[in-house]
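Visitor: I should like to understand the reasoning behind the terms applied to this model. May I put some questions as we look at it?

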Amino acid sequence: FARDKLNEMVEGVSNNCFDLVIISDMVEECSDGPFGPISLNKPDPQNEIEFVRRNGKTASLPNLSDVRITMIVPISEDRPFDSNLRRTPSHFDLKEFWRLILRYCGFKEEWFWDTNHVQWVSNGELPERFKPRA
């Protein structure tokens, strides 16, 4: 349902006039996605990242090439020191996962690092474009 709704919303969008906000902490575990079941709720999601890398071209993903994306990746400083107790992937692994997903959604590699296309938020601060203007 969400995939169909997203396709419907972004159809015909151009010139970066549509903002999509993804809260990564909320979508990194999915039992019914374009890749089948995916769970990043673990300290080392390399198998899932490799699965997306190998199968991304075959997934039915929306074209987001003209959409500005804000990726909110909450980071807790209260993580356990013992990596065996950690249940979430590293910030690096989350970025790699989303880089692959966005690449298969029509993003050019250089856009992933350009804040006009993708803006990463992990400090709790909203990007300027979402703040009220005085």
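Guide: In this predicted model, the protein chain has an accessible surface of about 8,700 Å², and 51% of that surface belongs to carbon and sulfur atoms. Buried residues make up 35% of the 134 residues in the chain.

Visitor: Which elements does the protein chain contain, and in what order do they run?

Guide: The chain has 4 helices and 5 strands. From the N terminus on, they run α-β-α-β-β-α-β-α-β. Of the contacts with a separation of 6 or more, 72% are accounted for by residues 24 or more positions apart.

Visitor: What makes β1 and β5 edge strands?

Guide: The open sheet consists of 3 strands in the order β1-β4-β5, with parallel pairing. β1 and β5 (118-121) each have a single partner strand, so one side of each is left without a neighbour in the sheet. From one strand to the next, the twist averages 20°.

Visitor: How do you know that β1 and β4 pair?

Guide: Pairing requires at least two bridges between two strands. Strand β1 is joined to strand β4 (residues 67-72) by 6 bridges, and the two run parallel. The requirement of at least two bridges is therefore met, with 6 bridges found. Within this pairing, D19 stands opposite R68 in β4.

Visitor: What lies across these strands?

Guide: Helix α4 (residues 91-103) lies across β1, β4 and β5, and runs at about 160° to β5.

Visitor: Why is the pairing of R68 with D19 called a salt bridge?

Guide: The term calls for a side-chain nitrogen of Lys or Arg within 4 Å of a carboxyl oxygen of Asp or Glu. For R68 and D19, the closest N and O atoms are 3.0 Å apart, so the pair satisfies the cut-off of 4 Å. R68 lies in strand β4 and D19 in strand β1, so the salt bridge ties together parts that are 49 residues apart in sequence. By this rule, the count comes to 5 salt bridges.

Visitor: Why are R68 and D19 called partly exposed?

Guide: The term covers relative accessible areas between the limits for buried, under 20%, and exposed, over 50%. R68 has 24% relative accessibility and D19 has 28%, so both residues count as partly exposed.

Visitor: What makes R53 and E96 a link between distant parts of the chain?

Guide: R53 forms a salt bridge with E96, the closest N and O atoms being 2.4 Å apart. R53 is in helix α3 (residues 46-55) and E96 in helix α4, 43 residues apart. At 30% relative accessibility, R53 counts as partly exposed, whereas E96, with a relative accessible area of 13%, is buried.

Visitor: How far apart in helix α4 are R99 and E96?

Guide: R99 and E96 are 3 residues apart in helix α4, which means that about one helical turn separates them. Their side chains meet in a salt bridge of 2.8 Å, N to O. Salt bridges that share partners join E50, R53, E96, R99 and E109 into one network. With 12% relative accessibility, R99 counts as buried, because the limit for that term is under 20%.

Visitor: Is P127 buried or exposed?

Guide: P127, found in the segment after β5, has a relative accessible area of 4%. Buried means under 20%, so P127 falls within that term.

Visitor: What is P127 in contact with, leaving aside its neighbours within four places in sequence?

Guide: P127 is in contact with T70, Q119 and V121. P127 and T70 are 57 residues apart in sequence and 8.1 Å apart in space, C-alpha to C-alpha. The term contact rests on heavy atoms within 4.5 Å, so the C-alpha distance is not the value to which that cut-off applies.

Visitor: What makes the nonpolar surface patch, and how does V21 qualify for it?

Guide: The patch, about 320 Å² in area, is made by V21, I23, L126 and F130. V21 lies in strand β1 (residues 18-23). Patch residues need over 30% relative accessible area, and V21 has 40% relative accessibility, for which it counts as partly exposed. V21 therefore passes the accessibility cut-off for a patch.

Notes. Residues numbered from 1 in each chain as written. Predicted model: local features only at pLDDT ≥ 70, side-chain atom pairs only at ≥ 80, totals over all residues. Heavy atoms only, no water. Patch = residues over 30% accessible without salt bridge, like charges linked within 9 Å, V, L, I, M, F, W, Y side chains within 5 Å. Areas by Shrake-Rupley, 256 points an atom, 1.4 Å probe, with all protein chains shown as cover. Buried < 20%, exposed > 50% of the residue type's maximum accessible area, 1.4 Å probe, protein only. Axes fitted to C-alpha atoms, helices over the stretch in contact; angles between N-to-C directions.
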